[in-house]
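I opened this one to look up sheets, ring pairs and a few single residues. My notes follow in the order I made them.

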Amino acid sequence: MPIEITDPADERVRDYFTLTDVALRTKVEPARGLYIAESEKVIRRALAAGHCPRSFLMGQRWLTDLADLVEQAESDTVPVYFAQRGVIEAMTGFHLHRGALASMQRPLLVAPAVLLQNASRVVVLEDIVDHSNVGAVFRSAAALGVDAVLITPRCADPLYRRAVRVSMGTVFQVPWTRIDTWPGGLRVLQDNGFTVAAFALGDGAISLDDLVADQPDRLAMIFGTEGDGLSRRAIRGADLVVRIPMAGGVDSLNMAAASAVAIWALRPPPRPPAAT
């Protein structure tokens with residue numbers, strides 16, 4: 001049976017405490033092996049991807065709206081908590097207008113080489129600290145056929161609540177992992193037959209149009225932070241430096257838009273139909 005929570009400090013719902021404290025959550029969640037999924041759509045996508053719930057928290061009316069999830073949770077002996085709006089706000093730090101939250105078990109990450117085995121298009125995110133940008137890139141990657149995403153050690157957590165929400169749950173669809181060392185991790189890509197393209201401004205950069213016209217079979221696209229862009233070490237370690245042609249006196253796009261343009265332009269050609 002669903003369990004009502006009346007005390008926002010109830011230890012049974014500790015997973016949901018102070019969700020708006022970014023600095024705290026980005027340390028606590030990986031350390032405790034969890035992440036928070038917010039909204040029915042995101043929760044369903046997480047479950048469809050095979051992720052395991054630790055518990056659910058929702059407003060009382062959502063017990064009916066999400067009756068199938070509640071029934072499955074009870075069958076799996078996963079606790080379902082519900083509370084009044086004020087209790088949830090005091091507990092989490094925000095108004096839960098998307099109905100429900102789930103504390104999910106964080107899946108274990110694999111070595112980059114494992115994800116690269118059957119990949120042809122890979123995105124690498126260098127030190128992207130804005131969770132919204134990370135989520136936006138994953139949404140583009142899922143929509144446009146990227147096989148895997150690699151993130152550097154200082155990159156924001158793709159499973160942080162805001163990143164997951166902005167991605168509309170597509171962070172569960174695209175395989176991803178962290179590169180342990182950077183930019184030394186570039187060698188893993190190159191050793192696996194990838195041409196590494198660094199997207200940056202500067203002398204010697206080729207046009208995106210030129211790369212589209214002569215695409216390698218296996219391509220890794222590296223994108224850097226807003227403002228500073230890619231580090232010099234990453235640029236030096238790449239095989240190519242690529243720029244997106246601009247007009248109207250604009251020198252660059254924001255990183256979420258730039259990555260979407262590049263991913264779309266460099267999507268792999270369709271495979272021919274299998275012989276019958």
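These entries go from the two sheets to the aromatic pairs and then to some single residues.

**Before starting.** I am working on a predicted model, so I keep that in mind throughout.

**Entry 1, the five-stranded sheet.** I asked in what order the five strands run in their open sheet. I read off β1-β4-β3-β5-β2, with mixed pairing. The edges are β1 (3–4) and β2, each of which pairs on one side only. Next I checked how β3 meets β4. Strand β3 (residues 53–58) and strand β4 (residues 80–82) run parallel and are joined by three bridges. As one example, I followed F56 across and found V80 as its bridge partner in β4. I also looked at helix α1 (residues 22–32), which packs on this sheet and touches β2 and β3. The direction of α1 makes about 115° with that of β2.

**Entry 2, strand β2.** I wanted to know how many residues of this edge strand, β2, are buried. The count is five of the five, so β2 is largely enclosed by the rest of the structure. I then sorted the side chains by direction. L34, I36 and E38 point one way, while Y35 and A37 point the other way, and all are buried. That made me recall the general pattern: in a regular strand the side chains alternate between the two faces of the sheet. For the pairing, I found five bridges between β2 and β5, in the antiparallel sense. Within that pairing, L34 stands opposite Q105 in β5.

**Entry 3, the seven-stranded sheet.** The other sheet I looked up is open too, with seven strands in the order β8-β7-β6-β11-β9-β12-β10 and parallel pairing. I noted β8 and β10 (206–207) as the edge strands, each pairing on one side only. Strand β7 (residues 148–151) runs parallel to β8, and three bridges join them. I picked V149 and found that its bridge partner in β8 is W176. Helix α12 (residues 255–265) packs on this sheet, where it touches β6 (121–125), β9 (195–199) and β11 (219–223). I wrote down about 165° for the direction of α12 against that of β11.

**Entry 4, aromatic pairs.** How many aromatic pairs does a search of the whole structure find? I got three, and I wrote up two of them here. The rings of Y35 and F172 have centres 5.6 Å apart and planes at 35°, so I filed the pair as tilted. It links distant parts of the chain, with Y35 in β2 (residues 34–38) and F172 in the loop between α8 (161–166) and β8 (176–178), 137 residues apart. I checked burial for both: Y35 has a relative accessible area of 0% and is buried, and F172 is buried at 11%.

The other pair I wrote up is F138 with W176. Their ring centres are 6.5 Å apart and the planes stand at 85°, so this one is edge-to-face. F138 lies in helix α7 (residues 131–143) and W176 in β8, so the pair ties together parts 38 residues apart in sequence. F138 is buried, at 0% relative accessible area. W176 counts as buried as well, at 12%. I also met W176 in Entry 3, as the bridge partner of V149.

**Entry 5, charges over rings.** I looked for arginines placed over aromatic rings. The charged end of R161 sits over the ring of F94, 4.3 Å from the ring centre. I noted another case in R267, whose charged end sits over the ring of W264 at 4.2 Å from its centre.

**Entry 6, R106.** Is R106 buried or exposed? I found it buried, with a relative accessible area of 15%. R106 lies in the loop between β5 (100–105) and α6 (112–116). A polar atom of the R106 side chain lies 3.2 Å from the backbone oxygen of L34. Leaving aside neighbours within four places in sequence, I listed the contacts of R106 as E29, P30, G33, L34, Y35, D157 and L159.

**Entry 7, G99.** My last stop was G99, in the loop between α5 (85–92) and β5. G99 is buried at 3% relative accessible area. Beyond its neighbours within four places in sequence, G99 is in contact with M58, G59 and W62. I also took the C-alpha separation of G99 and L34, which came to 20 Å for two residues 65 apart along the chain.

Definitions and conventions. Residues are numbered from 1 along each chain as its sequence is written. This is a predicted model: local features need pLDDT of at least 70, side-chain atom pairs count only at pLDDT 80 or more; totals for chains, interfaces and linings use all residues. Side-chain values use heavy atoms; hydrogens and water are left out. Rings of Phe, Tyr and Trp (its six-membered ring) pair if their centres lie within 6.5 Å; planes under 30 degrees apart count as stacked, over 60 as edge-to-face and the rest as tilted. Helices (H or I, at least four residues) and strands (E, at least two) are DSSP runs, numbered from the N terminus. Buried means under 20% relative accessible area, exposed over 50%, partly exposed in between (1.4 Å probe, protein chains only). A charge sits over a ring if NZ of Lys or CZ of Arg is within 6 Å of the ring centre and within 35 degrees of the ring normal. A polar contact is a pair of N or O atoms within 3.5 Å; within protein, one must be able to donate a hydrogen and the other to accept it, and residues adjacent in sequence count only if both atoms are side-chain atoms. Contact means heavy atoms within 4.5 Å. Two strands pair if DSSP finds at least two bridges between them. Axes are lines fitted to C-alpha atoms, for helices over the stretch in contact, and angles run from 0 to 180 degrees between N-to-C directions.
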